[in-house]
Amino acid sequence: MWFKNLKIYRFSKPFSIDSEQLETQLAEKSFQPCGSTQASSFGWVAPLSSNDNDSIALTHSIAKTTMICVRLEERILPSSVINDSLNEKLDAIQTETGRRPVGKHKQSIRDELILTLLPKAFTRSKRSYAYLDQDAQLLIVDASSNNKAEELVELLRQTLGSLPVMPLKTNTLPILLMTNWLKGNDLKDDFEIKDECELREADDEGAILRCKRQDLRSDEIQMHLDNGKEVTKLAVNWSDRLECIIEDDLSIKRLKFSDELLDQASDDGAEDAAAQFDADFNLMTGELAHFIPRLVEVLGGEQTSAIKT
């Protein structure tokens, strides 16, 4: 399971939990399919299985690193379907009584219609993965947005009773470092700038420039930087081991690991699906255990004021 995005959380005070205890607590909020009148369902499933077999563990651990997975199931009920049914119902009432329901009466009819329509709606399902690194005291979520990451974090907080985590913060803002790099200053040997970035004016209402397949060292880009634009997203290669987009909130997007690493995982996990999962998980977390600290290092180190010991 290779993550494509990283939302990185730091435990704000020492955190430790053994696999058996975590397994027991996750089971209390395990995934249950949507009921006939339930709009959505959210719960823990086995990272290793796509069938949600109860006999398969809800955690998958290698040393002090543990993978977890949450499943969201939603009933698809388009607003257009609801509105069409509602208008038909309102028209019928108006024809019968001479008055068209409004306000709370209309809302009540709408709510009743939704309950009637939900059992007939199709469902769609999505999974989100994360892993706990107790040695590094980090929680890493594979999510493309803050909202999706926070949904998983909040469920884990409810599951464990408390979860002392906060987004990872560094002493140097990513936007300052990336802007400096693009200006040709202080670029480290193990980081290579690729051909994609986003530039923004400092003003909230300012212009936004998105570049793809662009020579970021060109005079055109430098002119935008000279005029005050800042780099809010930047594509980089790290040590020929991985490529990604670094964003101004320290999110990592479009993470791609090297072919060499993927080939090694394929060789190590050739036996079966479980062995492949182990190989992928082991190599991915091992690589990120080097990349994340290095990224923090070039960003001036981690803010530690909120971390309790």
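A crossing of two helices is called right-handed if the near helix is turned clockwise from the far one by less than a right angle, and left-handed if anticlockwise. The exercises below use a predicted model.

**Exercise 1**

Describe how helices H2 and H3 are placed relative to each other, and state the handedness of their crossing.

Solution.

Step 1. Two packed helices are described by the angle between their axes and the distance between the axes. H2 covers residues 79–97 and H3 covers residues 103–117. Their axes come within 10 Å and cross at roughly 125 degrees.

Step 2. Angles of 65 to 115 degrees count as roughly perpendicular and those over 145 as roughly antiparallel. The angle of roughly 125 degrees lies in neither class, and H2 and H3 are therefore oblique to each other.

Step 3. By the definition at the start, the crossing of H2 and H3 is right-handed.

**Exercise 2**

Which residues of H2 and H3 meet, and what classes are found in the contact of H2 with H3?

Solution.

Step 1. On the H2 side are Val81, Ile82, Ser85, Leu86, Lys89, Leu90 and Ile93. H3 meets them with Lys106, Ile109, Arg110, Leu113, Ile114 and Leu117.

Step 2. Sorted by class, this contact holds 9 nonpolar, 1 polar and 3 charged residues.

**Exercise 3**

Find the angle and the axis distance for H1 and H4, then class the pair and its contact.

Solution.

Step 1. H1 (residues 19–27) packs on H4 (residues 146–160) at about 105 degrees, and the axes are 9 Å apart.

Step 2. An angle of 65 to 115 degrees counts as roughly perpendicular, so H1 is roughly perpendicular to H4.

Step 3. H1 contributes Leu22, Gln25 and Leu26 to the contact, and H4 contributes Leu156, Thr159 and Leu160. Of these residues 4 are nonpolar, 2 are polar and none is charged.

**Exercise 4**

Give the volume and the lining of the largest pocket.

Solution.

Step 1. The volume is about 270 Å³. There are 15 lining residues, and the closest to the centre are Lys126, Arg127, Ser128, Lys148 and Glu151.

Step 2. Strands E4 (65–75) and E5 (123–133) and helix H4 each supply at least two lining residues. E5 gives the most, with 4 residues.

Step 3. The lining has 5 nonpolar, 5 polar and 5 charged residues.

**Exercise 5**

How many residues of each class line the second largest pocket?

Solution.

Step 1. This pocket holds about 230 Å³ of space. Among its lining residues are Lys194, Asp195, Glu196, Lys212 and Arg213.

Step 2. The lining divides into 4 nonpolar, no polar and 8 charged residues.

How values were computed
Residues are numbered from 1 along each chain as its sequence is written. This is a predicted model: local features need pLDDT of at least 70, side-chain atom pairs count only at pLDDT 80 or more; totals for chains, interfaces and linings use all residues. Side-chain values use heavy atoms; hydrogens and water are left out. Axes are lines fitted to C-alpha atoms, for helices over the stretch in contact, and angles run from 0 to 180 degrees between N-to-C directions. Angles under 35 degrees count as roughly parallel, over 145 as roughly antiparallel, 65 to 115 as roughly perpendicular and the rest as oblique. Contact means heavy atoms within 4.5 Å. Ala, Val, Leu, Ile, Met, Phe, Trp, Tyr, Cys and Pro count as nonpolar, Asp, Glu, Lys and Arg as charged, and the others, Gly among them, as polar. On a 1 Å grid over the protein atoms alone, a cavity is a set of points where a 1.4 Å probe fits but cannot get out, and a pocket is an open set with protein on both sides within 12 Å along at least five of seven lines; lining residues have an atom within 4 Å of a point. Grid points are joined across faces, edges and corners, and a volume is the space filled by probe spheres set on the points.
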